[in-house]
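Welcome! Please take a moment to look over the sequence and the model, and then let us walk through them together.

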Amino acid sequence: MHEPLVTQFKTTDPEQARELIAVAYRDNRLLVRGTVENYRFEHNRCDLGDVHFDFLHNTLTTEVAVQPLGRMVLLRVLDGVLEIDDGLSDRRFGPGDVFVGPHPGQDYRTRLHGARLQITGLDLSLITGADPAQDGGAIERLSYEPVSQEKARRWHRTVEYVTGLFAGPEQENGPLVLGAAGRLVAAMALDTFTAGTGEEYPCDRRDAVPDTVRRGIAFLEANPDLDLGVADIARACRVSVRALQLAFRRHLDTTPMAYLRQVRLDRARAELGNAVEGTTVTSVAAKWGFLDGSRFSAQYRAAFGESPSQTLRRP
């Protein structure tokens, strides 16, 4: 994950559109049908590295042959019609449909009929990190039909929330914030677009012993400034994700990520209490991985009985 890179592109020239698609989506052929004088193409992207959010508007009917993307692509049709033919099926989608694009390893053809699309691309490492026990199996559990209206709404709210975090020019975008945003999108993608619960691990209950909790606490106390997900903590403890979660729930009545949040709140409080000139609540919250300022304040007050700004102002 890296600092947001925002690009905006408009053209009436199909050749320029082809060149952009070649870079953004590994296109090898683009064909526009209709009167070229009426052609309009628009592409906006917010690129965070392992995840990108695109808006694409393409007038007329355009056919694109695309090589395997090697990433998970999730689409929402805002207007027009989109068709995807991967050699196995020919799918057609219209306004309101939210669905998975082609398999990451499959080349395909797509036809856009005056389409306006919201596109989210995820690096496969994000998916593996969010579902490590599956060892890549989540990709094979993708459901390629449009999701339910409720899931579509939840996905739309997630995309709007995350893109909104990076919309302002003065937003704090530290590595913990970026990492948390990537994991949020990956987790919601797994919940929205895959079927089944995955494999159970019968050894997990045997692994859930106090030693696991002690190793987890030591690791989190020593590394709260790292961009950590539950898979990273499990690897450090040498157990499965399920075993780690069971151990923390059984012995601490919490989750590993909730414990990490409390550690970061403690560090944020210490920093606010010993602030140097120029320190702000916003900068401290971003440094310790809190995406939303109001949520940070609410969690801080719940933990310490005062607001972050009160701690900061205390002599």
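## The overall picture

The protein chain in this predicted model contains 13 helices and 8 strands. It has 315 residues, and 46% of them are buried. If you look at the contacts between residues with a separation of 6 or more, 72% come from residues 24 or more positions apart.

## Strand 5 and its partners

Strand 5, which covers residues 71-85, is a good place to begin. Of its 15 residues, 12 are buried, so the strand is largely enclosed by the rest of the structure. A general point helps when you view any strand: if it is regular, its side chains alternate between the two faces of the sheet.

Which strands pair with strand 5? One of them is strand 8 (residues 108-123), joined to strand 5 by 13 bridges in the antiparallel sense. To find this pairing on screen, look for V73, whose bridge partner in strand 8 is G121. Strand 7 (residues 98-100) is also antiparallel to strand 5, with 3 bridges between the two. Here you can look for R76, which has V98 of strand 7 as its bridge partner.

Strand 6 (residues 90-93) pairs with strand 5 too, again in the antiparallel sense and over 4 bridges. In this pairing, E83 is found opposite R92 of strand 6. The two strands make a hairpin, with 4 residues lying between them. Within the turn, G87 has a positive phi of about 90°.

## Helices 4 and 5

Next, find helix 4 (residues 149-165) and helix 5 (residues 175-193). Two packed helices are described by the angle between their axes and by the distance between those axes. For helix 4 and helix 5, the axes come within 10 Å and cross at roughly 170°. An angle over 145 degrees counts as roughly antiparallel, which means that helix 4 is roughly antiparallel to helix 5.

Which residues of helix 4 meet helix 5? They are K151, R154, W155, T158, Y161 and V162. On the side of helix 5, the contact is made by A181, L184, V185, M188, A189, D191, T192 and F193. Sorted by class, the residues of this contact are 9 nonpolar, 2 polar and 3 charged.

## Helices 8 and 9

Helix 8 and helix 9 offer another crossing to look at: their axes come within 9 Å and cross at roughly 90°. Angles from 65 to 115 degrees count as roughly perpendicular, so helix 8 is roughly perpendicular to helix 9.

From helix 8, the residues V230, A231, I233, A234 and C237 meet V241, L244 and Q245 of helix 9. This contact has 7 nonpolar residues and 1 polar residue, with no charged ones.

The loop between helix 8 (230-237) and helix 9 (241-252) holds R238. Phi of R238 is positive, near 60°, in a residue other than glycine. Is R238 buried or exposed? R238 counts as exposed because its relative accessibility is 63%, and the cut-off for that class is over 50%.

## R33, L60 and the residues around them

R33 belongs to strand 2 (residues 27-33) and counts as partly exposed, at 44% relative accessibility. Which residues does R33 contact, leaving aside its neighbours within four places in sequence? The contacts are with L60, T61 and E63. T62 lies 29 residues away from R33 along the chain, yet their C-alpha atoms are separated by 6.1 Å.

L60, one of those contacts of R33, sits in strand 4 (residues 51-66). Its phi is positive, about 60°, although L60 is not a glycine. Its relative accessibility is 24%, so L60 counts as partly exposed.

## The cysteines

In general, a disulfide is a covalent bond that links the sulfur atoms of two cysteines. How many disulfides are there in this model? With sulfur atoms within 2.5 Å as the cut-off, the count is 0 disulfides.

Two cysteines are still worth finding. C46 has a relative accessible area of 11% and is therefore buried. C237, one of the helix 8 residues that meet helix 9, is buried as well, with 0% relative accessibility.

Methods
Residues numbered from 1 in each chain as written. Predicted model: local features only at pLDDT ≥ 70, side-chain atom pairs only at ≥ 80, totals over all residues. Heavy atoms only, no water. Axes fitted to C-alpha atoms, helices over the stretch in contact; angles between N-to-C directions. Parallel < 35°, antiparallel > 145°, perpendicular 65-115°, else oblique. Contact = heavy atoms within 4.5 Å. Nonpolar A, V, L, I, M, F, W, Y, C, P; charged D, E, K, R; others polar. Buried < 20%, exposed > 50% of the residue type's maximum accessible area, 1.4 Å probe, protein only. Pairing = 2+ DSSP bridges.
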